[in-house]
Amino acid sequence: MTAGGKSRHPGPCLLALAIFLLVFTERLVETTSGYDPYKVLGVSRSASQADVKKAYKNLAKEWHPDKNKDPSAEDMFIKVSKSYEILSNEERRANFDRYGQIEENEPFGQSQHQRFRNFQNSFYFDESFFHFSRSRDFADSKYLLHHAQFNSDILPDTHKRPYLIKVTSEWCFACIHMEPVWKETVQELEPLGVGIGIVDLGYERRLANQLGAHRAPSIIGLVNGKVTFFHQAIIREHLRQFVEDLLPQKLVKKITDDNYKHFLDSWHVENKPSVLLFDQDSNVPIVYKLTAFAFRDYVHFGYIDQGDTHNIQLLRQFNINSYAPIMLLFKEDTEKPVDIIQATGMKWQIMHEFVSNNKFLQVPRLVNQQLFDELCPVKQFHRRRKYCVLLITSEDKAFLPRNKAFLDFATFNNKEVLRFAYVYQHQQQPLCQALLPNQAVISPQVFILERRSPAGKVLYRSVIGGWNGSEEDKYRLLEHLELLQKDPTYLTSDAMLPELNNEMAPIFLIQWINTACDYIHQIYDDLLYSNWREMMPILSLIFSALFILFGTVIIQAFSEPGETKPRKPTPKEQPQTEDDVTITSRPPKKDFVEVTELTDVTYTSNLVKLRPGHINVVLVLTNASNNALLRKFAKEVFSFSGTQTIHFSFLNADKHRHWMPSLLRSCSGTSRSVSHSDDDEDSSDYHGHVLALNGYKKYFCHFRPVFTGDDLSDASSVSMFSSESGRKSRSRSRSSSNSPSRSHSREDGARSKRGPSRATSIEVHHKLDRLGLWMERLMEGTLPRWQVPSWPSLHAAENIPTES
């Protein structure tokens with residue numbers, strides 16, 4: 001019964017115990033902190049930066065080793081300086097307040113975790129109490145990567161050696177199972193020169209996102225800044241092959257009796273020394289590939305299989321023993337190696353040091369600025385002077401003996417402070433122009449340089465007499481070098497050298513093709529291994545473009561032909577609707593002209609208070625000629641509708657029959673010369689007239705319609721008034737009852753009564769034939785302008801305005 005009661009309610013006891021342990025651990029962590037910058041400086045946690053700085057100055061003066069002879073003064077001064085570094089930096093101070101982080105690259109929570117481990121060891125606390133073993137037993141702190149460290153150190157180093165990175169987390173059960181294999185792989189690959197790293201998802205989420213790793217465990221290969229994920233079974237052989245596949249393909253060339261001479265003679269073109277490795281393995285060792293990758297920009301690498309029957313001549317020529325690997329390094333002399341190394345267990349460090357000491361030719365050609373900077377560094381200290389003996393020559397066959405003589409001289413006078421090099425004038429013309437202004441290389445010239453600044457400043461002296469390769473030239477150059485060693489001020493001339501041209505740079509098309517291939521290969525890997533998290537933005541963009549494309553095609557396929565391709569009417573056909581002219585306040589469509597009606601509402605804004613510089617072109621019409629005139633008007637002014645300062649309107653003369661006569665009577669200087677009868681007040685006399693109204697400056701230009709049957713001279717009239725004689729003749733023609741023109745107009749009027757529809761349609765259709773020419777003259781500003789004192793009202797005749 002008692003046992004049953006105990007097993008029935010175990011929860012409260014365990015919960016209380018867990019809470020007690022948690023509280024006790026936190027108190028213990030706080031009290032066992034080994035280092036507190038606030039206590040060292042003697043300030044509170046709420047102290048300002050001014051208080052922190054003041055406390056630091058006082059303590060620094062007190063504990064400075066030069067002033068305080070106490071044996072512990074030096075240690076105390078270091079603690080004070082370190083405390084000030086932490087508290088003076090707001091970010092590091094916040095990290096210490098929140099997580100207890102002291103070092104800048106220390107992951108959050110590491111200090112608390114370390115103190116908790118100390119507490120655990122002191123109280124004999126075993127993790128087996130929870131029956132869970134930690135997943136980072138082998139993850140030494142030297143392999144942990146941080147975001148700042150990765151971008152400043154690791155990422156540039158990937159251009160010299162590959163990196164194998166494991167992504168893990170604290171509570172990763174799969175990471176526990178792969179730990180033994182990972183440990184064996186690291187022990188094998190790290191001595192070969194492969195970089196190792198570990199990224200914790202819990203602490204370095206930002207770095208994991210940069211690498212594209214979103215789950216643990218993950219294994220990543222990194223070469224030349226390019227991230228590659230490992231997708232095979234986690235076996236040591238697979239990981240080794242994965243690292244080997246990360247390297248470029250043509251790092252090492254297989255050498256036989258047939259091609260070894262061509263390989264060694266390639267120093268003329270490649271401008272690199274050549275290294276040959278003799279070994280009994282048919283495959284190139286990975287350690288040799290890693291060395292070739294690190295020095296691929298400096299040395300040309302070849303491999304000879306000693307067991308191959310096609311290499312017997314090579315083995316005999318260089319007297320190669322078959323019991324141990326051997327490396328030979330060749331420079332300009334292809335018959336005799338300049339350095340040899342042989343060892344049974346040739347490690348990466350040995351190869352690295354061997355190649356590093358011989359990565360330049362005896363007399364290299366300056367092909368880029370990087371080679372110039374490494375071969376002839378800038379002077380930094382007096383004891384580290386480096387002089388560059390530079391030969392400016394050409395690659396013509398006539399210069400070859402002189403170049404060979406310069407090489408021989410450099411071989412016999414090789415010293416630590418001297419660097420011999422040469423350039424081709426047509427390849428490095430800016431450099432040659434700086435040293436030989438306005439001179440062509442008739443014979444090779446020798447210069448002794450000392451670089452003084454990275455910007456290109458050099459001190460130099462030219463060897464008088466040029467370089468012909470004779471014994472006299474060698475003696476003269478040797479004399480210059482001896483004088484230079486005795487007197488560093490022997491270099492009397494100075495110049496600013498430009499940056500060297502990169503002669504080995506690949507063509508832009510090749511770079512573009514390589515980049516495209518890498519991008520396609522990356523997309524293929526993402527699709528093959530279902531890396532959907534990285535592919536979702538690209539796939540979303542592709543599907544969106546396809547949806548828009550096919551959606552447009554489907555809409556066009558199911559739409560009516562008239563909606564997508566409007567048919568243009570022929571000259572014989574006339575539209576029966578008013579859709580060709582948009583009489584609204586909305587923006588006009590592409591093939592239409594916006595024409596608004598002048599009413600009591602729009603009159604003020606479209607004319608009286610029109611903005612400066614804007615003109616309103618108004619068509620006068622009637623109800624009978626509304627459709628025909630609007631269509632003709634829109635057609636004639638369509639080419640001018642793109643101008644934002646030109647507006648188009650129409651005035652219904654039937655509604656406002658007195659406005660046009662009132663406007664004409666108000667013109668300055670025309671009231672006496674123009675008489676208006678009652679018939680002139682009729683609105684039908686002005687339909688088809690067009691006015692260009694400038695509301696701000698109060699003037700207008702007048703277009704008179706061209707009537708059917710009129711003379712061409714009359715049709716060309718575009719102003720309101722012609723000459724005085726024309727006005728008088730028209731007055732006499734109106735007063736004469738027997739005038740032929742008057743009788744002709746009466747006959748036309750009678751004819752119009754007999755056939756009103758057809759005669760009126762033809763006459764109205766031709767009224768605006770000359771409007772396009774008139775609009776061109778309006779845009780040019782060559783039309784007569786008629787001033788008005790003020791604009792008449794649209795109301796009845798009694799509202800005719802007076803002088804304003």
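1. In this predicted model, Tyr-288 touches Val-252, Val-275, Leu-276, Leu-277, Phe-301, Gly-302, Tyr-303, Met-327 and Met-351, when residues up to four places away in sequence are left out of the count.

2. Tyr-288 also belongs to the largest nonpolar core, which holds 67 residues, and it is listed there with Leu-164, Phe-301, Met-327 and Leu-435 as the members that touch the most other members. Helix α14, spanning residues 286-294, supplies the largest share of this core, namely 7 residues. As general background, nonpolar side chains in soluble globular proteins tend to be buried together.

3. A student reading along may also look for another core, which lies apart from the largest one and has 27 residues, including Val-595, Ile-615, Phe-650 and Tyr-699.

4. Turning to the strands, one finds an open sheet of 4 strands in the order β2-β1-β3-β4, and the pairing within it is mixed. Why is one side of β2 and of β4 left without a neighbour in the sheet? Both β2 (195-200) and β4 (226-229) stand at the edges and have a single partner strand each, so one side of each has no neighbour there. On average, and with direction ignored, neighbouring strands of this sheet are turned by 25 degrees against each other.

5. Within the sheet, strand β1 (residues 163-168) and strand β3 (residues 218-223) run antiparallel and are joined by 5 bridges, and Tyr-163 stands opposite Leu-222 in β3. Helix α9, covering residues 173-189, packs on the sheet, where it touches β1, β2 and β3, while the direction of the helix makes about 165 degrees with that of β1.

How values were computed. Residues are numbered from 1 along each chain as its sequence is written. This is a predicted model: local features need pLDDT of at least 70, side-chain atom pairs count only at pLDDT 80 or more; totals for chains, interfaces and linings use all residues. Side-chain values use heavy atoms; hydrogens and water are left out. A nonpolar core is a set of buried Ala, Val, Leu, Ile, Met, Phe, Trp, Tyr and Cys residues joined through side-chain atoms within 4.5 Å. Buried means under 20% relative accessible area, exposed over 50%, partly exposed in between (1.4 Å probe, protein chains only). Helices (H or I, at least four residues) and strands (E, at least two) are DSSP runs, numbered from the N terminus. Contact means heavy atoms within 4.5 Å. Two strands pair if DSSP finds at least two bridges between them. Axes are lines fitted to C-alpha atoms, for helices over the stretch in contact, and angles run from 0 to 180 degrees between N-to-C directions.
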